[in-house]
Amino acid sequence: MKVFKAVFKIFAVLLSLFAVTFTVYWFNADMKLIRFVYEKLQPHYDNLKKDKRL
């Protein structure tokens, strides 16, 4: 009985992880988050002094 409960818990965790990662994939949430962070950081990098030498 303890083995069944342990296997069930592992299966539930794996199923939950799959559901979360599939949802992220389906809605392209990772790229949306990266775009949000990029837009927030871009003004900082635009104001940095640039080294124009090549």
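Let's start at Arg53, which is exposed, with a relative accessible area of 67%. Arg53 sits in the segment after α2. Bear in mind as you look around that this is a predicted model. To get a feel for distances, take Arg53 together with Phe18: the two are 35 residues apart along the chain, and their C-alpha atoms are separated by 49 Å.

Now zoom out to the whole chain. There are two helices and zero strands. The C-alpha atoms fill a box of roughly 70 × 20 × 20 Å along the principal axes. How does the radius of gyration of the chain compare with that of a compact globule of 54 residues? The globule would come out near 10 Å, but the chain has 22 Å. What share of the 54 residues counts as buried? The figure is 0%, and since buried means under 20% relative accessible area, no residue here falls below that cut-off. In total the chain exposes about 5,900 Å², with 72% of that supplied by carbon and sulfur atoms.

Next, walk along the first helix, α1, which covers residues 2–27. Phe22 is found in α1, and at 39% relative accessibility it counts as partly exposed. Phe22 also belongs to a nonpolar patch on the surface, together with Phe11, Leu15, Phe18, Tyr25, Trp26 and Phe27. Between them, these side chains have about 890 Å² of accessible area. Phe18, the partner we used for the Arg53 distance, is one of the patch members.

Step past the end of α1 and you get to Asn28, in the loop between α1 and α2. What is worth a look in its backbone is phi, which is near 55°, a positive value in a residue other than glycine. Most residues other than glycine have a negative phi. As for its surroundings, Asn28 counts as partly exposed, at 38% relative accessibility.

On to the second helix, α2, which spans residues 29–46. Lys32 is found there, and at 55% relative accessibility Lys32 counts as exposed. If you follow the chain from Lys32 to Lys49, you cover 17 residues in sequence and 28 Å in space, C-alpha to C-alpha.

Helix α2 is also the place to look for a salt bridge. How many does the chain have? The count comes to one, and the pair is Glu39 with Arg35, whose closest N and O atoms are 3.2 Å apart. That falls inside the 4 Å cut-off for a salt bridge. Why can these two reach each other along the helix? Glu39 and Arg35 are four residues apart in α2, so they are separated by about one helical turn. Both ends of the bridge are partly exposed: Glu39 has 45% relative accessibility, and Arg35 has 49%.

Finally, consider charge across the chain. There are 10 positive and 4 negative side chains. How far apart do the centres of the two sets lie? They are 12 Å apart.

Note on methods. Residues numbered from 1 in each chain as written. Predicted model: local features only at pLDDT ≥ 70, side-chain atom pairs only at ≥ 80, totals over all residues. Heavy atoms only, no water. Buried < 20%, exposed > 50% of the residue type's maximum accessible area, 1.4 Å probe, protein only. Rg over C-alpha atoms; globule rule 2.2 N^0.38 Å. Areas by Shrake-Rupley, 256 points an atom, 1.4 Å probe, with all protein chains shown as cover. Lys, Arg positive; Asp, Glu negative; His and termini not counted. Charge placed at Lys NZ, Arg CZ, Asp CG, Glu CD. Patch = residues over 30% accessible without salt bridge, like charges linked within 9 Å, V, L, I, M, F, W, Y side chains within 5 Å.
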